[in-house]
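Biologist: I would be grateful for a close look at a single part of this model, set in the context of its surroundings.

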Amino acid sequence: MKARVYVMLKNGVLDPQGEAVRHALGSLGFDGVEGVRQGKVIELDLAEGTTEATVTEMCEKLLANTVIESYRVELS
Amino acid sequence: MKAAVIVFPGSNCDRDLAVAFERAGADVTMVWHKDSTLPAGVDIVGVPGGFSYGDYLRCGAIAANSPICKAVVKHAEAGGYAMGICNGFQILTETGLLPGALRRNAGLKYICRTVGLQVATSDSAFTSAYAKGDTIDIPIAHHDGNYFADDETLARLQGDDRVAFTYAENPNGSVADIAGVLSANRRVLGMMPHPERAADAGHGGTDGTAMFSALMEQVVTA
């Protein structure tokens, strides 16, 4: 089984990289991009039967820094 | 004073930090990241700058979960002294010993230059040789030094006089110009600037020397 973990900076935490991407899109002529947030996706290959609770624990302990980041887990 | 300097794969300020401790008169042991215990009788642990584990995942995240860091956390929780500089600061926030987190610099650029730091408190073993309000010149060299703490944490840090240093001119977007913070018991310091790089006339400045000599006095007599 696989899990996909999406890690994003929390709302309210300034994302300077996202801002730089927004400016770059603007200078390419893409109008109307009002905000860009950049995060990361982590794909995990897991033993069958691994629970969502275990993946959540992985996020809390290592994959995300919950001081500044939020995360979302998708199992498939 | 017995000091231990942790060496991670990718540390690059470990020897500079060791020299700064030695110059102050400390007995220094280098400790490899795979060790799970600190040498007996260590008074202070130095977590040096660099790019531990290639900064993979997040700066300091992998190092914070290394065997030696568990020993460093235990040491600090038992009232031991620790100082994390640059990547060391990032590591100490990742372990939870210090509050907040370090984000990418607001200007997105790696910044390497000497900056003015204001001493925000002299009430710690690290800063007792300075007077509150002193400005000292210390080099910074980082890409992810943009300190963040939520409003509640920030109010607690300021209310408890736990901000150690602020930037005279904020180079990286840090909240409240914060360059360094102290733990609740004031025995753990994290700071992005490099005092060990301002500890010899050949460095072009010696404003960092007082931090190590003060530690030597305070920690020995503690």
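In which order do the nine strands of the open sheet in chain B stand? Please then concentrate on strand β4 (residues 81-85) of chain B.

Modeller: The model is predicted, so local features need pLDDT of at least 70 and side-chain atom pairs count only at pLDDT 80 or more, whereas totals for chains, interfaces and linings use all residues. Residues are numbered from 1 along each chain as its sequence is written, and chains are lettered from A and ligands numbered from 1 in the order in which they are written.

The order of the nine strands in chain B is β2-β1-β3-β4-β11-β10-β9-β6-β7, with mixed pairing. Two strands pair if DSSP finds at least two bridges between them; helices (H or I, at least four residues) and strands (E, at least two) are DSSP runs, numbered from the N terminus. The edges are taken by β2 (27-32) and β7 (135-142) of chain B, each with a single partner strand, so one side of each has no neighbour in the sheet. On average, neighbouring strands here are turned by 20 degrees against each other, direction ignored; axes are lines fitted to C-alpha atoms, for helices over the stretch in contact, and angles run from 0 to 180 degrees between N-to-C directions.

Strand β4(B) stands between β3(B) and β11(B) in that order. On one side, β3 (residues 44-47) of chain B runs parallel to β4(B), and four bridges link the two. Within this pair, Val45(B) is opposite Ala82(B), and Gly46(B) is opposite Met83(B). Helix α3 (residues 87-95) of chain B packs on the sheet and touches β3, β4 and β11 of chain B, its direction making about 120 degrees with that of β4(B); a contact here requires C-beta atoms, placed from the backbone, within 7 Å. On the other side, β4(B) and β11 (residues 188-191) of chain B are joined in parallel by four bridges, with Ile85(B) opposite Met191(B).

The partnership with β3(B) also has a helical connection: β3(B), helix α2 (residues 67-77) of chain B and β4(B) make a right-handed β-α-β unit. A crossover is right-handed if, with the strands pointing away from the viewer, the path from the first strand over the helix to the second runs clockwise.

Strand β4(B) is mostly covered, with five of its five residues buried. A residue is buried if 20 or more other C-beta atoms lie within 10 Å of its own, exposed if 12 or fewer, and partly exposed in between, the C-beta atoms being placed from the backbone. Tyr81(B), Met83(B) and Ile85(B) point one way from the strand, while Ala82(B) and Gly84(B) point the other way.

As for the chain around this strand, chain B contains five helices and 11 strands, and 55% of its 222 residues count as buried. Among its contacts between residues at least 6 apart in sequence, 73% join residues at least 24 apart. Its C-alpha atoms fill a box of roughly 40 × 35 × 35 Å, taken along the principal axes. The radius of gyration of chain B is 15 Å, which agrees with the value near 17 Å for a compact globule of 222 residues; this radius is taken over C-alpha atoms, and the globule rule is 2.2 Å times the number of residues to the power 0.38.

Methods:
Two residues are in contact if their C-beta atoms, placed from the backbone, lie within 7 Å.
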